[in-house]
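Trainee: Hi! Could you walk me through how the ligand is held here?
Mentor: Sure, let's look at it together.

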Amino acid sequence: MDCLFCKIAAGDIPSKKVYEDDKLIAFYDIEPKAPVHVLVIPKTHLAGVRDVTADNSTVVAHIFATIPQIAEKLGVSDYRIVTNNGADAGQTVQHLHFHLLAGRMLGEMG
Ligand code: 5GP
Ligand code: ZN
């Protein structure tokens, strides 16, 4: 499949990895919007939140169960998790991903 994040998950496109296990990978965003900006993605392809179902949501639970460890590794205690679903929400890569943003006052959500 021609998917950028599937290629990153497979190691076909290099990334600056923070954490990896059999189900997910976390790597630094190429265009950081905060001093700490990491993307957490499932290794399996889901286009976005719209693809999450009762049958595949265990990977989402696993991502959230692992985010505290990733944050600890990054040395941040306060952070924001964002996921954009659909073009109007700002989604540019059609593979489910969670932005972990930290390292500055993040302000209100817009
Ligand atoms: P979205 O806009 O879909 O919510 O988030 C996609 C994110 O992927 C953006 O923040 C963008 O900077 C990041 N991104 C796009 N291409 C690459 C890439 O090749 N490598 C990395 N590490 N991040 C990327
Ligand atoms: Zn993908």
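Trainee: How far is a backbone N or O atom of Tyr 28 from a nitrogen atom of ligand 1?
Mentor: The two lie 2.9 Å apart, which fits a polar contact, a pair of N or O atoms within 3.5 Å. This is a predicted model, where local features need pLDDT of at least 70, side-chain atom pairs count only at pLDDT 80 or more, and totals for chains, interfaces and linings use all residues. Residues are numbered from 1 along each chain as its sequence is written, ligands from 1 in the order in which they are written, and side-chain values use heavy atoms, leaving out hydrogens and water.

Trainee: And which side chain has an N or O atom 2.9 Å from an oxygen atom of ligand 1?
Mentor: That one is His 97. A backbone N or O atom of Thr 92 also lies 2.7 Å from a ligand oxygen.

Trainee: How many residues surround ligand 1?
Mentor: There are 17, and Asp 29, Asn 84, Gly 90, Thr 92 and His 99 are the closest; the cut-off is a heavy atom within 4 Å.

Trainee: Which element gives the largest share of that shell?
Mentor: Helix 1, with 3 residues; helices are DSSP runs (H or I, at least four residues), and strands are E runs of at least two.

Trainee: New topic: how are the rings of Phe 5 and Phe 27 arranged?
Mentor: Their centres are 5.5 Å apart and their planes at 80°, so the pair is edge-to-face (centres within 6.5 Å, planes over 60 degrees apart). Phe 5 lies in helix 1 and Phe 27 in strand 2, so the pair ties together parts 22 residues apart in sequence.

Terms used
A polar contact is a pair of N or O atoms within 3.5 Å; within protein, one must be able to donate a hydrogen and the other to accept it, and residues adjacent in sequence count only if both atoms are side-chain atoms. Rings of Phe, Tyr and Trp (its six-membered ring) pair if their centres lie within 6.5 Å; planes under 30 degrees apart count as stacked, over 60 as edge-to-face and the rest as tilted.
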